[in-house]
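Here is a short report on the helices and the nonpolar core of a two-chain model. Have the sequence and structure open while reading.

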Amino acid sequence: MKLKHQQAETLSGWLFILPSVVGFSILTILPILFSMVISFTEWNFLKGLSGFRFVGLGNFLKMWSDRWFTDSLKNNVLFTAVTVPFTMVLSLLTAIGLNRGVFFKNPIRLMIFMPYISSIVAISIVWGVLYNPSQGPINGFLHGIGISDPPKWLASSTWALPSIIIMSIWANIGYNMIIYLAGLQNIPKDLYEAAKIDGAGPAACFFNVTLPMLSPTSFFVLITSIIHSFQVFGAVFIMTQGGPGSSTSVLTYYIYQVGFSFYDMGYASAMAWILFLIILSVTLLQWQGQKKWVNY
Amino acid sequence: MEARVQTSKRERIKPKEAMSPRSMQDFVWKLILTVILLAFAISMVLPFLWMISTSLKKPIEVFAYPIQWIPHTFQWDNYKEVWSGPRSFWIYYWNSIKVTGLTVIGTVMVSSAAAYGFSRIRFKGRDTVFMIFLATMMVPDQVTLIPRFILFNYLGIYNTHLSLIIPGIFTAFGTFLMRQFYMTVPNELSEAARMEGANHFRIWLKILVPLSKPTLVSLVILSFTWNWNEFVNPLVFLNKKELFTVPLGLTNFIDEAGTEYSLMMTAAVSSILPVIVLFLACQRWFIEGVVSSGVKG
């Protein structure tokens, strides 16, 4: 009787998750395994299955002497190293400000969150025009305040990546601010009272109460921001197509090029796995590191 | 870590005090903080304001400096051209509505059923499967994109809307969001129903689903937004223009519009309008969804 009941439970359990499991197996698990296999081959999709040729680690070795790959990787690292800290600090400061109580709290939150919900295609197009080097409003403004030789933004190989970085920070502040706000609201008020009784000023409160209590939130924001920023694609695709030269090419963009413009599926898959390994190792490193700085 | 956005009820209940020097000081601080944050918030929406204003300008006025925030005459014809011209937006809108609508319906059904299985029934293998779900969330899309492209070609759904709808339905996100909520529902509720002989299907449909309405709303809104904005999948899986969804249609429009910047902005405004309207109307659910899915802890 007991056994039968347990069997019935197992059956209904599996029935509930069945659609999800089937879809997931076909659309995610199977492709992951397949991608692993083709990353060890040289295979041009246009040649059909006959063009399939195992090359062992060939793809993984040749990428390090491929300038486009190494440049893209460098750009990814630079992009992440600048975007993530700036986004985190700005979103934390805004969240703290909003949490301390301001007039028009809701409209302000709304305005800052707006870029996050807008399609990356639309905002990249808008920023692309704003950045227009000869006539765009940004350089119009810079001229107006007396800068005679403003950057050429997307048209310059030095400034193209910073341009995309600025836009990405702008687009991501809203999301992280919302997460920080939720974290701030979870800090018990008595902690501040206690700190005040001990004679702590606002600065001491911030460094000894707010920051430590927020560390799990910061940990979450840090990991998701890094993962997210390694996968930047839309902005690059729309605004610069990786250029000028290779100055704004990133891994996702180069993988797309190799896979869907050259149909070199093996090489593209191998690079996609490198991207995954980077994301995985950043996450694992952080899991290790969190013991040192995250208080639960 | 459980996190919910709380509306500041505490502040509202607080009785009005007379202006003591202390509260006077608080008021001044609040005012200063408001000015700083408001200035920041306004600078954040400037690109949107510029987009809207430019969408109503003549081409010649686009780059006039100082910026003319309110156009001399509103060029509503820009909208007429985007919506009715040879590159009409209607077709993209219709495609997006179809793809997004079917995807959202599918996601809601599949994920709330799976969430029930993962949270309310104990059975062998459950936690292993759930861990696999969790682990695959870290795998970037680029890994699965190429095999999916090959698979869809093989199945004959490449260049159809199914190639967007099917992968859109099966995302781990929806399952997580719903599971988060189901875990908070006390067991006594379903136990009582069990005693009266209800099976799991009935408990799910009659008790859990109605209870989870707010979370369902969040899921619907978030997945609508993401699917409406989705760019990479349509880019890879569609190449017939008559199948394009709004973001892809927008890039196509831009390619053809060349340097007609005001028309570009008209198209951009048209593309994000539904999402902005939805967000303004349902921001509470939107933000609650973002928070409860984000702060998993």
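The text below covers the core, the annotated segments and one helix of chain B. The model is predicted.

**Core.** The largest nonpolar core holds 147 residues. Seven names touch the most other members: Ile125(A), Val126(A), Ile178(A), Val236(A), Met271(A), Met264(B) and Ala268(B). Helix H7 of chain A, residues 160–185, gives the most to this core, with 16 residues. From chain B, domain 1 (9–80) and domain 2 (84–294) each supply at least three residues. Met264(B) is in contact with Ile125(A) and Val129(A), and also with Ile254(B) and Ala257(B), leaving aside neighbours within four places in sequence.

**Annotated segments.** An unreviewed UniProt entry lists "transmembrane region" for residues 12–40, 77–98, 110–130, 159–182 and 260–285 of chain A. Two of these ranges are set out here.

| Range in chain A | Helix | Strand | Distance between end C-alpha atoms |
|---|---|---|---|
| residues 77–98 | 100% helix | 0% strand | 32 Å |
| residues 159–182 | 96% helix | 0% strand | 35 Å |

**Helix H2 of chain B.** H2(B) runs over residues 21–55. Its 35 residues reach 50 Å from first C-alpha to last, close to the 51 Å expected. A kink of about 40° lies at Val45(B), shortly before Pro47(B). Pro47(B) is itself buried. The other buried residues of H2(B) are Leu37(B), Ala41(B), Met44(B), Phe48(B), Met51(B), Thr54(B) and Ser55(B). Residues three or four places apart in an α-helix point the same way, because there are 3.6 residues a turn. The cover over the buried residues of H2(B) comes from both chains, including H3, H4, H5 and H7 of chain A and H3 and H14 of chain B.

Terms used
Residues are numbered from 1 along each chain as its sequence is written. Chains are lettered from A and ligands numbered from 1 in the order in which they are written. This is a predicted model: local features need pLDDT of at least 70, side-chain atom pairs count only at pLDDT 80 or more; totals for chains, interfaces and linings use all residues. A nonpolar core is a set of buried Ala, Val, Leu, Ile, Met, Phe, Trp, Tyr and Cys residues joined through C-beta atoms within 7 Å. A residue is buried if 20 or more other C-beta atoms lie within 10 Å of its own, exposed if 12 or fewer, and partly exposed in between; C-beta atoms are placed from the backbone. Helices (H or I, at least four residues) and strands (E, at least two) are DSSP runs, numbered from the N terminus. Domain bounds come from an automatic or database domain assignment. Two residues are in contact if their C-beta atoms, placed from the backbone, lie within 7 Å. UniProt positions are given in the numbering used here, feature names are shortened, and annotations may be inferred rather than shown by experiment. The expected span of a helix is 1.5 Å times one less than its number of residues. The bend at a residue is the angle between axes fitted to the seven residues ending there and the seven starting there.
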